[in-house]
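Please open the model in a viewer and keep the sequence panel at hand. The tour below proceeds by selection, with a short account of what each selection contains.

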Amino acid sequence: MSFKGFIWKSDPPANIPFAKSDVWEGLRFTGESRHYAVGDTFYPSWASDGKMYSPFTDGVTEGVACNSQYILRRENGKLIAELTTTTGQAILEGDDPLDLKIIPLENQYADTYPYTGRYPCGSLVHNGMWYYGTYCLGLYGSTRFGDYVYNWPHLGPFVGFRVSRDFGKTWEECPHTPERSIFNETGLGGWPVKIGSPHFVDFGQNMQYSPDGKAYLVAHGSDLKFYPVAIEDFAHNSWITGDQIYLIRVTPSPETVNDPSAYEFYAGKDENGNAVWTNDFAKIAPLLEWKNNMGCVTVTYNPALKRYFMAVTDGRTTVSKMNTYILESESLTGEWKLVTYMKDFGEQAYFVNFPSKFISSDGSKMWICYSGNFAKGWNGEVINANPPDSAYGMVLQEVELCKKN
């Protein structure tokens, strides 16, 4: 689809904790877009063979159906939840974001117990190895609080990675389980989850721009309990809402990605402003904080501009219109500054990321990838496609960074 280009008005709330960027002041949508009518949860990783590889789920992608939430079936008059779900993966071929060939591979099964959903998150193809992460949601797909229905309001833990050595043809199962996740976190009983849905920082083809050869992941979460003593202590911890963002890193290999002792965790900054890293998960500290405004997060490095761009979603109540804001920084550990705050982007856009393959040579243009409008009309709220082409599946929109005068 082509439409008349426009600059999305940045409309941040008064309590936003980020200073405005010194260089950029918005995004211009050029009017070039493509909606691929497939499943959602696409996070493309650009591999050494020139192709992109991505997870997907909850939909039909070129004839392959996938469902990452529990299924209810009736047996002898009783409803029984089948706690085995599927996660999908696909190859994205082509150099034109408007004309990609999406090739789904065979689904993989995953146990969810004691949760009821297990979804894709961090995905990386590096040196021919595909690392595919999953995280848990539950206990229910939708929950009613008073007069309002929430979609997956309980964030479970990041489980770990399954690994493929042949670009997704065969897989080695993750050695961890939802009950015994890699970082020993649990969302049961209202306990806080910090590394719930991590995503790899996109360092370009085959991770070529990693500053030290390590893979970095960003994750949204909270250090508060979900079930509070007082409402001000309530953790906003769902698949799309959060209070904080965390940063971790590992040297990627089939042996290290599932070894918790191989990870380093960002633990704040010292008195000189230098980042502190630790192998002790108990000492992890938030990279960024903004209560109930830090949902799903991704980061991409723009080599021409020598800047990192972070996309964060504020999912509000999980089924309403959603806000997306873009931050930029010269360093992964900050300072992060605001490029634009796009109120009601999508109007319900989620899983927002910038695939590094589609950054222009001068860095001024990128393609924003997201899914949209999965809960159109839930709870009586009217949700429209804004910008045009926003719909369930995988959406790619060309955007141009607006420089300050």
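Begin by selecting every cysteine: the structure holds zero disulfides, a disulfide being a pair of cysteine sulfur atoms within 2.5 Å. This is a predicted model, in which local features need pLDDT of at least 70 and side-chain atom pairs count only at pLDDT 80 or more, while totals for chains, interfaces and linings use all residues. Residues are numbered from 1 along each chain as its sequence is written, and side-chain values use heavy atoms, with hydrogens and water left out.

**The cysteines**

Centre on cysteine 174. The closest cysteine sulfur to its own belongs to cysteine 136, at 9.9 Å, which is too far for a bond. Cysteine 174 is buried, with a relative accessible area of 13%; buried means under 20% relative accessible area, exposed over 50%, and partly exposed in between (1.4 Å probe, protein chains only). Move next to cysteine 369, which is in no disulfide either: the nearest cysteine sulfur, that of cysteine 296, is 11 Å away. Cysteine 369 is also buried, at a relative accessible area of 1%.

**Strands β27 and β28**

Keep cysteine 369 displayed and add asparagine 353, whose bridge partner in β28 is cysteine 369. Strands (E, at least two residues) and helices (H or I, at least four) are DSSP runs, numbered from the N terminus. Now select residues 349-353, strand β27, and residues 365-372, strand β28: the two pair in the antiparallel sense over three bridges. Two strands pair if DSSP finds at least two bridges between them. Five of the five residues of β27 are buried, so this strand is largely enclosed by the rest of the structure.

**The four-stranded sheet**

Select β23 through β26, an open sheet in the order β23-β24-β25-β26 with antiparallel pairing. β23 and β26 (337-342) are the edge strands; each has a single partner strand, so one side of each is left without a neighbour in the sheet. Neighbouring strands are turned by 20 degrees against each other on average, direction ignored. For such angles, axes are lines fitted to C-alpha atoms (for helices, over the stretch in contact), and angles run from 0 to 180 degrees between N-to-C directions. Zoom in on β23 and β24 (residues 307-314), which pair over six bridges. Within this pair, asparagine 302 has arginine 307 of β24 as its bridge partner.

**The three-stranded sheet**

Turn to the open sheet with the order β12-β13-β16, again paired antiparallel. Its edge strands, β12 (117-126) and β16 (155-164), each pair on one side only. Select β13 (residues 129-137) to see the seven bridges that join it to β16. Show the side chains of tyrosine 135 and phenylalanine 158: the former stands opposite the latter, which lies in β16.

**The largest cavity**

Which strand gives the most to the lining of the largest cavity? It is β12, with five residues. β3 (45-46), β12, β17 and β23 (297-302) each supply at least two residues of this lining. The cavity has a volume of about 200 Å³. A cavity is a set of points on a 1 Å grid over the protein atoms alone where a 1.4 Å probe fits but cannot get out, and lining residues have an atom within 4 Å of a point. Grid points are joined across faces, edges and corners, and a volume is the space filled by probe spheres set on the points. Of the 23 lining residues, select Tyr43, Pro44, Ser123, Phe200 and Asp202, the closest to the centre.

**Serine 210**

Finish at serine 210, in the loop between β17 (199-200) and β18 (215-221). Serine 210 counts as buried because its relative accessibility is 14%. Its side chain reaches the backbone oxygen of lysine 214 at 2.7 Å.

Technical notes: A polar contact is a pair of N or O atoms within 3.5 Å; within protein, one must be able to donate a hydrogen and the other to accept it, and residues adjacent in sequence count only if both atoms are side-chain atoms. On a 1 Å grid over the protein atoms alone, a cavity is a set of points where a 1.4 Å probe fits but cannot get out, and a pocket is an open set with protein on both sides within 12 Å along at least five of seven lines; lining residues have an atom within 4 Å of a point.
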